[in-house]
Amino acid sequence: MEKPKRINLALQGGGAHGAFTWGVLDRLLEDEGIEIAGISGTSAGALNGAALKAGLVADGKGQDRDGARASLDALWHSVAGVHDLRLTSWFAQFAPHNELINQAFQASPMFAWADMTSRAVGPYAYGPFYANPLQSVVETFDFDQVCADTGPRLFVSATNVRTGKIRVFDGDEINTDAILASACLPTVFQAIEMTDPKTGTVEAFWDGGYSGNPALFPLFDPALPADVVVVNINPLFRPDVPKSGPDIQNRINEISFNSSLLRELRAINFVKRLISSGQLSSGQMRDVLVHMIADDALMRDLSTATKLVPSVVTLQRLKAAGRAATDAFLSAHRDDLNTRGSVDLEQMFG
């Protein structure tokens with residue numbers, strides 16, 4: 001039997017759009033020719049990564065693919081507030097087009113009110129009535145499994161509010177607060193505060209997407225494979241210049257949450273150029289093989305509104321799109337894995 005191709009996964013954040021990543025992971029887990037060695041996740045990517053890791057190690061060996069798929073299903077059923085999304089999937093085919101659903105959410109008086117309130121009134125204004133709705137979801141994770149030595153290495157990123165620097169949690173550092181910090185949108189959630197064990201200082205954290213969405217550098221460990229598969233859920237390119245207020249805000253959000261990823265990809269491209277020109281050897285710096293799974297056409301039909309509102313129809317379509325995108329990726333680039341990168345970084349930054 002051919003040796004499995006070992007890869008690392010870099011999972012972006014993007015609220016409910018993380019259901020696309022759910023579909024990607026669901027399809028990868030079906031393929032026994034792929035082995036996941038490392039995971040770096042931010043925000044929704046951190047939740048997906050934790051669910052994936054916990055499910056994989058449920059057998060004590062890190063090989064429980066069915067357990068991982070069930071763990072991811074449970075996560076997204078919990079996010080949707082539906083016991084079994086399959087029971088709602090039949091009407092997805094009859095629902096309006098994604099762009100119309102997105103427009104309906106954006107035009108909704110309730111969404112407009114919530115959006116305006118979040119800009120004018122911070123989450124601290126709710127006093128004793130404040131509750132983080134993700135806490136009950138994250139607390140269901142078995143952190144003995146999430147932090148287990150077996151299975152893929154997991155890295156979770158958050159942004160230090162005071163310094164603006166990225167904080168990467170690894171191993172036993174990953175707990176409920178670390179994942180909540182990674183997914184802490186500051187206009188919606190109160191900052192997550194944790195005591196730094198080295199200094200004793202209480203630090204506050206916001207969403208990791210501001211400083212690493214996701215962070216790639218933890219995956220450069222020599223013990224991990226050179227291949228990094230980025231699951232991108234924030235469109236890198238939009239052909240049209242936004243004109244309306246919501247469209248402008250949405251594109252600002254996308255650019256902001258892609259900027260750290262693009263910086264790291266540019267650095268990888270720079271190193272690859274030095275290696276190819278002979279100015280560096282691959283032994284001096286890691287020659288990272290970059291791949292990407294995305295569906296920008298689908299994501300351009302959606303916006304911040306559908307990120308914040310986990311509609312069961314949208315979640316179903318995102319999962320299906322993630323599976324389809326992974327099918328296409330494996331058909332086109334399976335032979336590239338462990339051999340060469342499939343993202344043309346020169347063209348991206350040319």
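1. Buried means under 20% relative accessible area. C184 has 0% relative accessibility, so C184 counts as buried. This is a predicted model, and the values in this note should be read that way.

2. C147 is a second cysteine to look at. Its relative accessible area is 12%. That is under the 20% cut-off, so C147 is buried as well.

3. Are there disulfides, and how many? A search of the whole structure finds 0. A disulfide would be a covalent bond between the sulfur atoms of two cysteines. No such pair turns up here, with C147 and C184 included in a search that covers the whole structure.

4. Turn next to helix α9, which covers residues 245-276. E254 sits in this helix. Is E254 buried or exposed? With a relative accessible area of 2%, E254 is buried.

5. What does the side chain of E254 meet? It makes a polar contact of 2.8 Å with the side chain of R251. Beyond the neighbours within four places in sequence, E254 is in contact with P235 and R238.

6. The last point concerns the surface. Which residues form the nonpolar patch? They are V161, W206 and Y210. Together they have about 230 Å² of accessible area.

7. One member of that patch, V161, lies in a loop. The loop runs between β3 (153-160) and β4 (166-170). V161 has 30% relative accessibility, so V161 counts as partly exposed. E254, by contrast, is buried at 2%.

Notes
Residues numbered from 1 in each chain as written. Predicted model: local features only at pLDDT ≥ 70, side-chain atom pairs only at ≥ 80, totals over all residues. Heavy atoms only, no water. Disulfide = S-S within 2.5 Å. Buried < 20%, exposed > 50% of the residue type's maximum accessible area, 1.4 Å probe, protein only. Helix = DSSP H or I, 4+ residues; strand = E, 2+ residues; numbered from the N terminus. Polar contact = N/O pair within 3.5 Å; in protein donor to acceptor, adjacent residues only side chain to side chain. Contact = heavy atoms within 4.5 Å. Patch = residues over 30% accessible without salt bridge, like charges linked within 9 Å, V, L, I, M, F, W, Y side chains within 5 Å. Areas by Shrake-Rupley, 256 points an atom, 1.4 Å probe, with all protein chains shown as cover. Salt bridge = Lys/Arg side-chain N within 4 Å of Asp/Glu carboxyl O.
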